Amino acid sequence: GLRSIGITAPWGADNFGTAGAFFSIAARNYARYGYLATHLVPVVTAEGPPSPAVYYVHHPPLLELLVSASFALFGVHEWAARLVPLAFSLASLGLLVHLATRFYGERVALLTLVIAATLPLENHLAMHVDVQGSVLLALVLATVTCLAHRRYGAAVAFFTLGAAVDWPALYLPILLAVAPWPFEFPRPRRFVAGLLLYSAIVFLALSSWLSGPNTVLGLLHERALSFRSDGGVPFGLAEWLHTVVGWYLWHLCTPAVLVALVIWLVWRVPVLLRAPHPERLTLLLLLFGLTHMIVGFQGAYQHEFWATYLRAGVPLACALVLEQLAAALPQDWRRTLVVGAGLAIIVVPGVVGTVRLAAHPLSARMLDADYTPSELAEAIRSCTPAGTGAFTSDYYGESATFFYADRPLAISVVTVDALAQRLRRPRYHPPGGSGAPYEGPATPTCFVMPRLHEQY
């Protein structure tokens, strides 16, 4: 289907390739360093032992553990890594259709399925290998489904698994406490209060295990209170809106979907705030996605995949708009024509946008380079025997280069003095800027300079 386009493609120079290669390195290293030896904390040293373990302690490790299981079953391949979020994306779609059927009926469920199955927001992000993605979305929807059926024990279990994937799972208890209650009344206040307390305990336990609550809260501070990119470039609200709404969401949702979403928000939200209604479920799912983008607005500015948790609420809102349009028309050919035309206005640009984004990602980098990360890595491997290290003048430092090279690697060696210094004291970089350069036992044996750099 559309969501599996590019499942075997190599990791490239974009946000998807960066995250996919990075978390694949962590998953691959469980077998190299050992699950027990690392205490299940991900290690992102690209080449594995005997180089020292560089731990990645910013996020819980359930995603990496699932990808490592896929590698153990199928081998270390790009498609094996992508298979994990792909499977969970299908599960999330099934849960979304189930919720639509339960709350709004079969016609809205069918419209939701068709819209979600053709929406670039869903298809382009479905296979994204990242802690922020399909795995957590499916577990959040599983939690919501259990709450809808009043199976509170199962809801707590799925919530716990979600928290073991990434921190945004912790937004859900807060929304259940303050947002309009979407399920049968009365709101189970004791359960919600207990879930809030439990989420705090889970956060303290996970963060203490990884790096300490202060480190994780410091990361949240950077994402929530910094108007600077990771590279130190400042931005304002206007730039944020232009990038996130005018670029990311414009392409991921398509203009027709954004118009339908605005119509639903303006038309229904005031009503839903005043009185109980089944459409409060859609509001809750949209609030979950928007909370992630607003709280982590610095990350949303830099990464298109930060919109991934809108994948549940947006198709539902569009389907409800079409349902209201159908209800306003007589049951004859005019209803079929109008609803069919409205669906086509959403679906056709969605299919085209999905195919276009697969060929031209929004975050594509290295556009001025005459090589790809995998080509650079192949050159590094060809001249660097196993157990030795390499230097390169490549300054992009894509995680994909580290993944494919599978060698100790120092990047951005662009001057003679820098090369001499590295030779005197070899120090290598972890991928993705995930730690300080480290000294390893590997002796540098190769310097790789792309042809483009020869002119410098």
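Helix α10 gives the largest share of the lining of the largest pocket, six residues. The model is predicted, and the pocket in it has a volume of about 1,400 Å³. Its lining has 49 residues. Nearest the centre of the largest pocket lie Y56, H59, R223, D230 and H303. Which elements give two or more residues to this lining? They are α1 (15–33), α10 (213–225), α13 (280–295) and α18 (399–405). By class, the lining of the largest pocket holds 25 nonpolar, 17 polar and seven charged residues.

The second largest pocket contains about 680 Å³ of space. It is lined by 33 residues. Of these, P10, D14, F16, A358 and P361 lie nearest the centre of the second largest pocket. Two or more lining residues come from each of α1, α16 (333–359) and α17. Helix α16 supplies the largest share, four residues. The lining of the second largest pocket divides into 19 nonpolar, ten polar and four charged residues.

Next come enclosed spaces. Rolling a probe the size of a water molecule over the atoms shows where empty space is left. How many cavities of 30 Å³ or more are there? The count is one. Its volume is about 50 Å³. The residues that line the largest cavity are S89, S92, L93, L96, A116, E122, L137, L141, R311 and A312. Two elements, α3 (78–104) and α6 (134–148), give two or more residues to this lining. Helix α3 has the largest share, with four residues. By class, the lining of the largest cavity has six nonpolar, two polar and two charged residues.

The table sets the three spaces side by side.

| Space | Volume | Largest share of the lining |
|---|---|---|
| Largest pocket | about 1,400 Å³ | α10, six residues |
| Second largest pocket | about 680 Å³ | α16, four residues |
| Largest cavity | about 50 Å³ | α3, four residues |

**The sheet and its helices**

Now the strands. Three of them form an open sheet in the order β2-β1-β3, and the pairing is parallel. Why do β2 and β3 each have one side without a neighbour in the sheet? Strands β2 (409–410) and β3 (443–448) stand at the edges with a single partner strand each, so one side of each is left without a neighbour there. Strand β1 (residues 388–392) is joined to β3 by five bridges, and the two strands run parallel. One residue pair can be named here: T392 has V448 in β3 as its bridge partner.

Helices α17 and α19 meet this sheet. Helix α19 (residues 416–424) packs on the sheet and touches β1, β2 and β3. The direction of α19 makes about 165° with that of β1. Helix α17 (residues 373–383) also lies across β1, β2 and β3. It runs at about 135° to β3. Helix α17 has a part elsewhere too, as one of the elements that give two or more residues to the lining of the second largest pocket.

**A helix crossing**

Two packed helices are described by the angle between their axes and the distance between the axes. Helix α11 (residues 237–253) and helix α12 (residues 255–274) have axes that come within 6 Å. These axes cross at roughly 100°. Angles of 65 to 115 degrees count as roughly perpendicular, so α11 is roughly perpendicular to α12. Which residues make the contact? From α11 come L249, W250 and C253. From α12 come P255, V257 and L258. By class, the contact of α11 with α12 has six nonpolar residues, no polar and no charged.

**Backbone exceptions**

Most residues other than glycine have a negative phi, and most peptide bonds are trans. Some places in this model depart from that pattern. P49 and P50 are joined by a cis peptide bond, with omega of about 15°. P50 is placed in the loop between α1 and α2 (62–74). The peptide bond from F185 to P186 is also cis, and its omega is near 0°. Where is P186? It lies in the loop between α8 (171–178) and α9 (189–210). M366 is not a glycine, yet it has a positive phi of about 60°. The loop between α16 and α17 holds M366.

Terms used:
Residues are numbered from 1 along each chain as its sequence is written. This is a predicted model: local features need pLDDT of at least 70, side-chain atom pairs count only at pLDDT 80 or more; totals for chains, interfaces and linings use all residues. Side-chain values use heavy atoms; hydrogens and water are left out. Two strands pair if DSSP finds at least two bridges between them. Contact means heavy atoms within 4.5 Å. Axes are lines fitted to C-alpha atoms, for helices over the stretch in contact, and angles run from 0 to 180 degrees between N-to-C directions. On a 1 Å grid over the protein atoms alone, a cavity is a set of points where a 1.4 Å probe fits but cannot get out, and a pocket is an open set with protein on both sides within 12 Å along at least five of seven lines; lining residues have an atom within 4 Å of a point. Grid points are joined across faces, edges and corners, and a volume is the space filled by probe spheres set on the points. Ala, Val, Leu, Ile, Met, Phe, Trp, Tyr, Cys and Pro count as nonpolar, Asp, Glu, Lys and Arg as charged, and the others, Gly among them, as polar. Angles under 35 degrees count as roughly parallel, over 145 as roughly antiparallel, 65 to 115 as roughly perpendicular and the rest as oblique.
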